[in-house]
Amino acid sequence: RLKGIEIDGKENEVKKREEIVKEDNYQILRYRDDYRILAKTQEDAVKIAKVLSEVLSELNLRLNTQKTFVSNNIIRDVIKPDKLYWNEAKHGEKTLQKHLLLIHSLADKHPNTGSVSTALSKFLDRIYPLKILKEDSSKVLISILVDIAYKNPKVYSLVVVCIGKILSIEPDKTDVENIYKLIENKFDNKPNVGYWKVWFQRLTIKTDREREKDSNELLCKIAANVKVNLWSNDWLKQEYRTIFDEISIINEDAYNNLSDSPEKDEAQIFGY
């Protein structure tokens, strides 16, 4: 912020820069980690943005250019683009497939945003009470979900729980293994997907704990009862290294209490 800023000795420099814009010409509003700076003229807004950039630069920080902009439409631009898009689009949701396609479009236009997480949470709420799929194909729904996850790591957990729910009411259980393989193939050539693999293992671990024993993700191997060194402990005394060798990081009681399919509250930690 400009007024009353206190950042390790930078107060005086900021106060000098404050003179560029008169105090009465702007107002700063904050909600959590979002800031809105309202200025009387666009010229003042640009000056303030420049001051902020200079101060942050000296602290080895910078403004996020994708989220920082100057606007003269206070009504429209006070709403985040992803939320604005979703509010306009969601009126068309009817079938589960159409609902998911809307979320897919949202995730494509505004990837990894809170709106995508919220939309998937609402979809999960919708499918969770279901006992059967009447009009929608489970394969089609899962294909859309997996494609959403492919570009949106933030929603891995929600996607996995949605897939687990859909498969739990899939009448043709012989096709489930084939679906798992198709999902694995989708992510095979994608780098840095260890977080996805850990969540994907949740789908299969109760029915086939050793399924991921050949995984290249160490956490998955450990959960599959394969002994591997997750951390380098060669520098520890032998007595401490023995502790790592003898005590597993897996909570077996928690594993035994897991349901066959992931539960909704495993992904919806905060309930929204």
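The following questions and answers concern a predicted model and the reasons for the terms applied to it.

Q: What makes up the protein in terms of helices and strands?
A: The protein contains 13 helices and two strands. Of its 272 residues, 35% are buried. Its accessible surface is about 17,900 Å², and carbon and sulfur atoms account for 51% of that surface.

Q: Why is Ser 115 called buried or exposed?
A: Buried means under 20% relative accessible area. Ser 115 has a relative accessibility of 6%, and therefore counts as buried. This residue belongs to helix 5, which covers residues 114-127.

Q: Which residues is Ser 115 in contact with, leaving aside its neighbours within four places in sequence?
A: Ser 115 is in contact with Asp 82, Lys 83 and Leu 106. The term contact requires heavy atoms within 4.5 Å. Leu 106 is itself one of the buried residues of helix 4.

Q: Why does Asn 112 count as it does in terms of accessibility?
A: A residue is buried under 20% and exposed over 50%, with partly exposed in between. Asn 112 stands at 37%, so it counts as partly exposed. Asn 112 is found in the loop between helix 4 and helix 5.

Q: What is notable about the phi of Asn 112?
A: Asn 112 is not a glycine, yet its phi is positive, at about 60°. Asn 225 likewise has a positive phi, of about 70°, without being a glycine. Asn 225 lies in the loop between helix 10 (218-223) and helix 11 (238-246).

Q: How do you know that strand 1 and strand 2 are joined?
A: Two strands pair if there are at least two bridges between them. Six bridges join strand 1 (residues 26-31) to strand 2 (residues 34-39), so the two strands pair. They run antiparallel, and Ile 28 stands opposite Ile 37 in strand 2.

Q: What do strand 1 and strand 2 form, and how many residues are between them?
A: Strand 1 and strand 2 form a hairpin with two residues between them. In the turn, Arg 32 has a positive phi of about 55°.

Q: What span does helix 4 reach from its first C-alpha to its last?
A: Helix 4 has 14 residues and reaches 20 Å, close to the 20 Å expected at 1.5 Å a residue.

Q: Why are the buried residues of helix 4 said to lie on the same side?
A: The buried residues of helix 4 are Leu 96, His 99, Leu 100, Leu 102, Ile 103, Leu 106 and Ala 107. They cover an arc of only 155° around the axis, and therefore lie on the same side of helix 4.

Conventions: Residues numbered from 1 in each chain as written. Predicted model: local features only at pLDDT ≥ 70, side-chain atom pairs only at ≥ 80, totals over all residues. Heavy atoms only, no water. Helix = DSSP H or I, 4+ residues; strand = E, 2+ residues; numbered from the N terminus. Buried < 20%, exposed > 50% of the residue type's maximum accessible area, 1.4 Å probe, protein only. Expected span 1.5 Å × (residues − 1). Arc of directions from axis to C-beta. Areas by Shrake-Rupley, 256 points an atom, 1.4 Å probe, with all protein chains shown as cover.
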